Each structure stands twice: as C-alpha cells, then as structure tokens.
Amino acid sequence: MDNSEKKQALDKRYLRMARIWSENSYCTRRKVGALLVKDKMIISDGYNGTPSGFPNICEDETNHTYPYVLHAEANAITKVARSNNSSAGSTLYVTASPCIECSKLIIQAGISRVVFSELYRMSDGVDLLRKAGVEIVYIPCENE
C-alpha cells in the first residue's frame, strides 16, 4: 500500500468516526459530526446541536431548525479554541460539506484540509474554501 492509499484509508476511517460521532446530536432533521485531526491525533470533535445551557431541541414544532443551533464544524473549532491545541495545519473530517459560515471559521482557524462524505445543498462554502487554498477531499459515503 503506497502513501496515497494509506492516506485515503485513514481519511475513510476518520470519516466513519465522524459519522459515529454525529449520533450524539439531538437534531432530528440531520445529524452531522466533525473531527479535527492534527499529526494523526484527534484534537477536537463536534456535532450539530444547541449551545451550552440550551435545551437539546434543535427544531421547532414545524420541523425548522432553530437559528441558534451550532453546526458540527463550529462546535469542533470553538472547542479546540478553548483548549491548549492549535488547529493550524489540521484536517477537519465532517460528514457534510461545510456551509459558508463554517467555511469562514475553517479559514480563520488555519485548517488546511477538509474531508467530507455528503454534499450540502449549497456549494458556496466549499467554493470559498477552495478560493482560500484549503484542500478539499470528497469521499462519498460507503454502504457499511
């Protein structure tokens, strides 16, 4: 197995782990998980959900997501910001491609690579990341 095959195998493993991590989400419409990895170590994790201190209810009675619900990427980035780790040069593994708002955070956090397995309904976030020079890797979900 050459280096690129090893890298892809590792990417797939981390994506599976992000998918498992998404199961922690209380959101019913969509569960998203994220892992931030640097030097083969998970330095942060996140899933979509409400801010600390809010009830774990993501949608209203009409099944619309509350505007204060945080995306998995934002949770992972803010969590690492509260630690002694730096996200500069890290890889973000996320189950869905980032939206524009999360992409801005990814750029500002110095994350150099984003690997995802599902396409978000809009591509403006991925377009912004590409424009900023962030490496984008799309690995479609495999049936397990």
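How many aromatic pairs does a search of the whole structure find? The search returns 5 aromatic pairs. The model is predicted, and every value below is computed from it.

## Aromatic pairs

Tyr14 and Tyr93 make up one of these pairs, and its geometry is tilted. The ring centres lie 5.0 Å apart. The planes meet at 35°. This pair links distant parts of the chain. Tyr14 belongs to helix α1, residues 3-22. Tyr93 belongs to strand β3, residues 91-96. The two positions are 79 residues apart. Are Tyr14 and Tyr93 buried or exposed? Both are buried.

Tyr66 and Tyr68 form another aromatic pair, and this one is stacked. Its centre-to-centre distance is 5.2 Å, with 10° between the planes. Tyr66 has a relative accessibility of 26%, so it counts as partly exposed. Tyr68 has a relative accessible area of 31% and is likewise partly exposed. Both values fall between the 20% and 50% cut-offs, which is why neither residue is called buried or exposed. Phe54 joins Tyr66 and Tyr68 in one aromatic cluster.

## Fold and overall dimensions

The chain has 4 helices and 5 strands. From the N terminus, the order is α-β-β-α-β-α-β-α-β. The radius of gyration is 15 Å, close to the 15 Å that the globule rule gives for 144 residues, so the chain is as compact as a globular protein of that length. Along its principal axes, the C-alpha trace spans about 50 × 35 × 25 Å.

How much of the chain counts as buried? The share is 40% of the 144 residues. Contacts can also be sorted by sequence separation. Among those between residues at least 6 apart in sequence, 51% join residues at least 24 apart.

The accessible surface comes to about 8,500 Å². Carbon and sulfur atoms account for 51% of that surface. The chain carries 18 positive and 17 negative charges. The mean positions of the two sets are 4 Å apart.

## Helix α2

Helix α2 covers residues 72-81 and is mostly covered. Of its 10 residues, 7 are buried. Which residues of α2 are buried? They are Ala72, Glu73, Ala74, Asn75, Ala76, Ile77 and Val80. These buried residues pack against strands β1, β2 and β3 and against helix α3. Strand β2 runs over residues 41-47, and helix α3 over 100-108. Strand β3, one of these packing partners, also holds Tyr93 of the tilted pair.

## Loop residues

Ser25 sits in the loop between α1 and β1, the latter spanning 33-38. Its relative accessible area is 4%, under the 20% cut-off, so Ser25 is buried. What does Ser25 touch, leaving out residues up to four places away in sequence? The contacts are Arg30, Lys31, Tyr47 and Asn48. Ser25 and Gly125 are 100 residues apart in sequence. Their C-alpha atoms are 22 Å apart in space.

Two other loop residues have a positive phi without being glycine. Lys40 has phi near 60°. Asn63 has phi of about 70°. Lys40 is placed in the loop between β1 and β2. Asn63 lies in the loop between β2 and α2. Lys40 has 69% relative accessibility, over the 50% cut-off, and therefore counts as exposed. Asn63 has a relative accessible area of 40%, so it is partly exposed.

The table gathers the accessibility values.

| Residue | Relative accessible area | Class |
|---|---|---|
| Ser25 | 4% | buried |
| Lys40 | 69% | exposed |
| Asn63 | 40% | partly exposed |
| Tyr66 | 26% | partly exposed |
| Tyr68 | 31% | partly exposed |

Definitions and conventions. Residues numbered from 1 in each chain as written. Predicted model: local features only at pLDDT ≥ 70, side-chain atom pairs only at ≥ 80, totals over all residues. Heavy atoms only, no water. Rg over C-alpha atoms; globule rule 2.2 N^0.38 Å. Buried < 20%, exposed > 50% of the residue type's maximum accessible area, 1.4 Å probe, protein only. Contact = heavy atoms within 4.5 Å. Areas by Shrake-Rupley, 256 points an atom, 1.4 Å probe, with all protein chains shown as cover. Lys, Arg positive; Asp, Glu negative; His and termini not counted. Charge placed at Lys NZ, Arg CZ, Asp CG, Glu CD. Phe/Tyr/Trp six-rings, centres within 6.5 Å; stacked < 30°, edge-to-face > 60°.
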